[in-house]
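Please open the model in your viewer and keep the sequence panel beside it. The stops below say what to select next and what is to be found there.

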Amino acid sequence: MFKLQDILKFSESDVKKMAQNTVRRHKKQILDGKDFEGKKFGSYAPYSKSYAARKKVNASNVNLKLSGKMLNAFNVQRTKVKKNQEIQYLYGIKKNKQGTKLFNHNEGKEKMPKRSIAENQQLGDDVEVGVVKDFANTIGKNLSRMSKTRVKLNI
């Protein structure tokens with residue numbers, strides 16, 4: 001007989017992998033120039049003509065990666081599995097120059113046009129679907145271990 005708590009057991013390494021996968025997916029979404037709703041940044045918040053000319057870029061090709069510094073700083077900050085099996089992971093950018101820049105883009109502050117990568121716990125379809133798949137993969141791995149057979153959950 002399988003116990004539900006064993007099926008839903010997440011190790012620290014499971015949670016670290018999920019967090020890293022989430023960061024990778026979120027960075028890809030940003031590099032594709034998409035916000036949390038799937039809209040292109042350039043369609044509603046293009047670079048100003050003077051900024052685009054100064055940086056030698058197309059004004060509508062906005063992907064928040066001109067220098068790469070901000071997205072390079074976008075990483076897993078911490079992961080945790082509590083005794084009650086509650087899992088947590090935090091990712092983004094620490095509060096520094098790059099973190100402030102991302103915050104200003106996300107909120108539309110300090111003369112930055114609003115280019116939201118997340119809002120009200122919405123991350124974007126690709127990121128959110130990926131989180132669900134990561135949960136399913138871990139549950140499948142646990143079922144395989146418990147049943148001594150190969151289990152694959154399809155979502």
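Is E86 buried, partly exposed or exposed? Select it in this predicted model, and you will find that E86 counts as partly exposed, at 34% relative accessibility. Now add K82 to the selection, since the side chains of K82 and E86 meet in a salt bridge with an N to O distance of 4.0 Å. K82 is likewise to be described as partly exposed, its relative accessible area being 31%.

**The whole chain**

Clear the selection and show the full backbone, in which the secondary structure comes to seven helices and two strands. Followed along the sequence, these elements run in the pattern α-α-α-α-α-β-β-α-α. If you turn the model to look along its principal axes, the C-alpha trace spans about 65 × 30 × 25 Å. The radius of gyration is 19 Å, whereas a compact globule of 155 residues would have one near 15 Å. Colouring by accessibility will show that buried residues make up 35% of the 155 residues. Of the contacts with a separation of 6 or more, 57% are accounted for by residues 24 or more positions apart.

**Salt bridges**

The pair with which the tour began is one of six salt bridges in the count. For another, select D14 and K141, whose side chains meet with an N to O distance of 2.4 Å. D14 lies in helix α2 (residues 12-31) and K141 in helix α7, so this pair ties together parts of the protein that are 127 residues apart in sequence. D14 counts as buried, at 10% relative accessibility, while K141 is partly exposed with a relative accessible area of 42%.

Move next to E37 and K39, whose side chains form a salt bridge of 3.1 Å, N to O. E37 counts as partly exposed at 48% relative accessibility, and K39 also counts as partly exposed, at 44%.

**Around R115**

Select R115, whose place is in the loop between α6 (97-107) and α7 (125-147). Which side chain of opposite charge is nearest to R115, and how far away is it? It is D35, at 9.7 Å, and R115, although buried, has no salt bridge. The cut-off for a salt bridge is 4 Å between a side-chain nitrogen of Lys or Arg and a carboxyl oxygen of Asp or Glu. What you can draw instead is a line from the side chain of R115 to the backbone oxygen of A45, which it reaches at 2.8 Å. To see the surroundings, display the residues in contact with R115 other than its neighbours within four places in sequence: F41, Y44, A45, P46, Y47, V62, L64, H105 and N106.

**Helix α6**

Two of those contacts, H105 and N106, lead into α6, where the buried residues are Q98, G99, L102, N104, H105 and N106. When you show what covers these buried residues, include α5 (69-72) in the view. At the start of α6, zoom in on N96, a side-chain oxygen of which reaches to within 3.0 Å of the backbone nitrogen of Q98. Then go to the other end and select G108, which comes just after α6 and takes a positive phi of about 70°.

**Aromatic rings**

For the last stop, show the aromatic side chains, among which the count comes to four aromatic pairs. Select Y47 and Y51: their ring centres are 5.3 Å apart and their planes stand at 45°, so the pair is tilted. Y47, which was also among the contacts of R115, is buried with a relative accessible area of 8%, whereas Y51 counts as partly exposed at 26% relative accessibility.

Another tilted pair is formed by Y89 and Y91, with 6.5 Å from centre to centre and 35° between the planes. Y89 is partly exposed, having a relative accessible area of 22%, while Y91 counts as buried at 19% relative accessibility. The cut-off for calling a residue buried is under 20% relative accessible area, and these two residues are therefore placed in separate classes, Y89 with 22% and Y91 with 19%. Finally, add F74 to the selection, and you will have the cluster of F74, Y89 and Y91 that is linked by ring pairs.

How values were computed:
Residues numbered from 1 in each chain as written. Predicted model: local features only at pLDDT ≥ 70, side-chain atom pairs only at ≥ 80, totals over all residues. Heavy atoms only, no water. Helix = DSSP H or I, 4+ residues; strand = E, 2+ residues; numbered from the N terminus. Buried < 20%, exposed > 50% of the residue type's maximum accessible area, 1.4 Å probe, protein only. Lys, Arg positive; Asp, Glu negative; His and termini not counted. Polar contact = N/O pair within 3.5 Å; in protein donor to acceptor, adjacent residues only side chain to side chain. Contact = heavy atoms within 4.5 Å. Phe/Tyr/Trp six-rings, centres within 6.5 Å; stacked < 30°, edge-to-face > 60°. Rg over C-alpha atoms; globule rule 2.2 N^0.38 Å.
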